[in-house]
Amino acid sequence: MQEAISTHGSVSAPVPSRAGAGLKSQHYQSIIDQQPDVGWFEVHPENYMGKGGPPLRYLERIRRDYPLSLHSVGTSLGSYLPLDQNHLKKLKQLVDRFEPGLVSEHLSWSHGYEWYTHDLIPLIYTEETLQLVVDHIDQVQETLQRQILIENPSSYLQFKKSEIAEQVFYVEAAKRSGAGLLLDINNVFVSCSNHGWSIDEYLGAVPAGLVGEIHLAGHSIQELEGQSLRIDDHGSTVCPEVWKLYRHYIDAKGTAPTLIEWDSNIPQFAELYREVRFAEVYLQRARECIRDVIS
Amino acid sequence: MSLADLQRSFCDALRSPNAPPDALLDELLEDGLALQRFNVYRNNFIVLNGDALAEMYPVIKRLIGDSAFRILATAYVREYPPMERALLVYGKDFPNFLASIPELSELHYLQDVARLEYAWTVAYHAEDVDRLEEHQITELPAEKFELLRLRPHPSMCLLHSEYPVYRIWEANQSEDPEEVISLDDGPSHVVIIRPGTRVETREASIGAFTLFQRLGSGETIGDAYNAAIQIEPAFNLELFFSQHLFDGTFCSL
């Protein structure tokens, strides 16, 4: 991991081990006016792939005051189809222009034809797809000349042909490609609940040293014939169970930059900010915890 | 099924109005809910992309109502799934799609309002360029002025409609438009442009509209002006330039 960072170019504004927020266009002006105490911001680069216009100007303005992370949704690492070179080129241009401290992508796929689903579909966990994903991560890292983080997905179904546990596949993909991990604790909770997997086994398999970022978000619950399916819609506050998992995780394994994602039913900035402050307090306590252990 | 076949079959089923084929369901881990689990993805595909379309076409949605819009959006997403990785300008074919719906094909103004809305979002994300500055013109010998080829801002879109679409669009910028607009209120010539950070939608005279068209296709100011006064003899170039020469409508030389 250390080697991967040093060989993949320089990072000009590191994202600190603090709480950050997903940047939404509805909040641009409040952030510029109020300069809230937020550790960093994260955006989907696909929302900044226009030729010009206000989004890029706002991002430039906010980037002056805050470290930035680019969280891509468009690479489709798990598609059998080749990566879209045009998309990669645009991603590279944004990386060069905004010099983000972190760049990440999902462990999923989104196109089976030339058209694009705009949803993140789960992978079949086999050696074949593992090799495919590793090759695609290599290509992305090669193009961007830097390490990326890969995020564990949330999912609602599993494929019969899967023969590797998701957490094993996830960690192995990072190890083989030299990528880091973006650990989405809400996704761990959602997927484990939806598939009856063990949360302890899942989190136990994730080496803390590879985790470069943590995601937290809200989800909703849909009833299917008496069974609850958790839907990862990023449309509410983080639920108490996920906060608890998060606190245990950072107390035991150490802190990492932590993002609050809120992408639907977007609230006033103040409400998002409240969630960010919760995460910040937990991060601070975890650091004190570790200091106590050391002393 | 190979990985490629499985991914294609999954995508076919996302897009289809029919239930997924057994061959695909056989690939899913069955716990009695496999079909419902798959349908979460099918629903997401329609809703996520339909929401992007609704963001692009808020006035159309207001004019035809939420439920009709949702039905049309579902059909549109299935027929024209997104080709781009970014959803910034999803819905390019929606105006023509509206024209292809038998129940709406007589409502020609809807397609034109949709074109206006599409142009608005394209302008919002258009390239940023330096604007024409006063000194660039004052430094020029006066006799050279009419030989200039001024380039309109790359965000500019010119839209002509037989209907008063500008007024329809403008009245529907608020939740409860009170204005009554007759479709017989005549044609409109609309200019959509984003010279700075705000998209401006303006109604133009036919002379100004023609001037923009001609300048946009690379003609000199002199030739473009001649075309404008032929179609609108009272067109006043001096007044026009006093408003628009240096307001960002034109690019730096």
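Two strands count as paired if DSSP finds at least two bridges between them. With that criterion in hand, select strand β6 (residues 180-184) and strand β7 (residues 211-217) of chain A in this predicted model, where the two strands run parallel and are joined by 4 bridges. Within this pair, display A:Leu182, which stands opposite A:Glu213 of β7(A).

**The barrel of chain A**

Widen the selection to the barrel to which these strands belong: 8 strands of chain A close up in the order β1-β2-β3-β4-β5-β6-β7-β10, with parallel pairing. From one strand to the next, the twist averages 30 degrees.

Next, pick strand β3 (residues 68-71) of chain A and show its side chains: A:Leu68 and A:Leu70 point one way, A:Ser69 and A:His71 point the other way, and all of them are buried. On one pairing of this strand, β2 (residues 41-43) of chain A runs parallel to β3(A) and is joined to it by 3 bridges, with A:Phe41 having A:Leu68 as its bridge partner. To follow the chain between these two strands, add helix α3 (residues 54-65) of chain A, through which the chain crosses from β2(A) to β3(A) in a right-handed β-α-β crossover.

Then turn to strand β4 (residues 102-106) of chain A, which runs parallel to β3(A) and is likewise connected to it through 3 bridges; here A:His71 stands opposite A:Ser104. Adding helix α4 (residues 85-98) of chain A completes a right-handed β-α-β unit made of β3(A), this helix and β4(A).

Before leaving the barrel, select helix α10 (residues 269-294) of chain A, which lies across β1 (19-22), β2 and β10 (258-261) of chain A and runs at about 155 degrees to β1(A).

**From A:His87 to the interface**

Go back to helix α4 of chain A and pick out A:His87, which is found there. Is A:His87 buried or exposed? Its relative accessible area is 3%, and A:His87 is therefore buried, the cut-off for that term being under 20%. Leaving aside residues up to four places away in sequence, A:His87 touches A:Glu46, A:Met49, A:Ser72, A:Gly74 and A:Thr75, and also B:Arg85 from the other chain.

That last contact leads to the interface between the chains, so named here simply as the next stop. Select the residues in contact, of which 52 come from chain A and 42 from chain B. The area buried between the two chains is about 4300 Å², and carbon and sulfur atoms give 61% of it. On the chain B side, highlight B:Arg37, B:Tyr41 and B:Arg85, which supply 21% of the area that chain B buries against chain A, more than any other three residues.

**The two domains of chain B**

Now colour chain B by its division into domain 1 (1-106) and domain 2 (129-253). Taken over C-alpha atoms, the centres of these two domains of chain B are 38 Å apart.

For a last view, select the open sheet of 3 strands in chain B, whose order is β1-β2-β3 and whose pairing is antiparallel. Its edge strands are β1 (157-161) and β3 (200-203) of chain B, each of which pairs on one side only, and the twist averages 20 degrees from one strand to the next. Strand β2 (residues 188-193) of chain B pairs with β3(B) in the antiparallel sense over 4 bridges, and among the residues to label are B:Ile192 and its bridge partner in β3(B), B:Thr201. Finally, add helix α10 (residues 206-216) of chain B, which lies across β1, β2 and β3 of chain B at about 135 degrees to β1(B).

Conventions. Residues are numbered from 1 along each chain as its sequence is written. Chains are lettered from A and ligands numbered from 1 in the order in which they are written. This is a predicted model: local features need pLDDT of at least 70, side-chain atom pairs count only at pLDDT 80 or more; totals for chains, interfaces and linings use all residues. Side-chain values use heavy atoms; hydrogens and water are left out. Domain bounds come from an automatic or database domain assignment. Axes are lines fitted to C-alpha atoms, for helices over the stretch in contact, and angles run from 0 to 180 degrees between N-to-C directions. Contact means heavy atoms within 4.5 Å. Buried means under 20% relative accessible area, exposed over 50%, partly exposed in between (1.4 Å probe, protein chains only). A crossover is right-handed if, with the strands pointing away from the viewer, the path from the first strand over the helix to the second runs clockwise. Buried area is the accessible area (1.4 Å probe) that two parts lose on being put together, summed over both.
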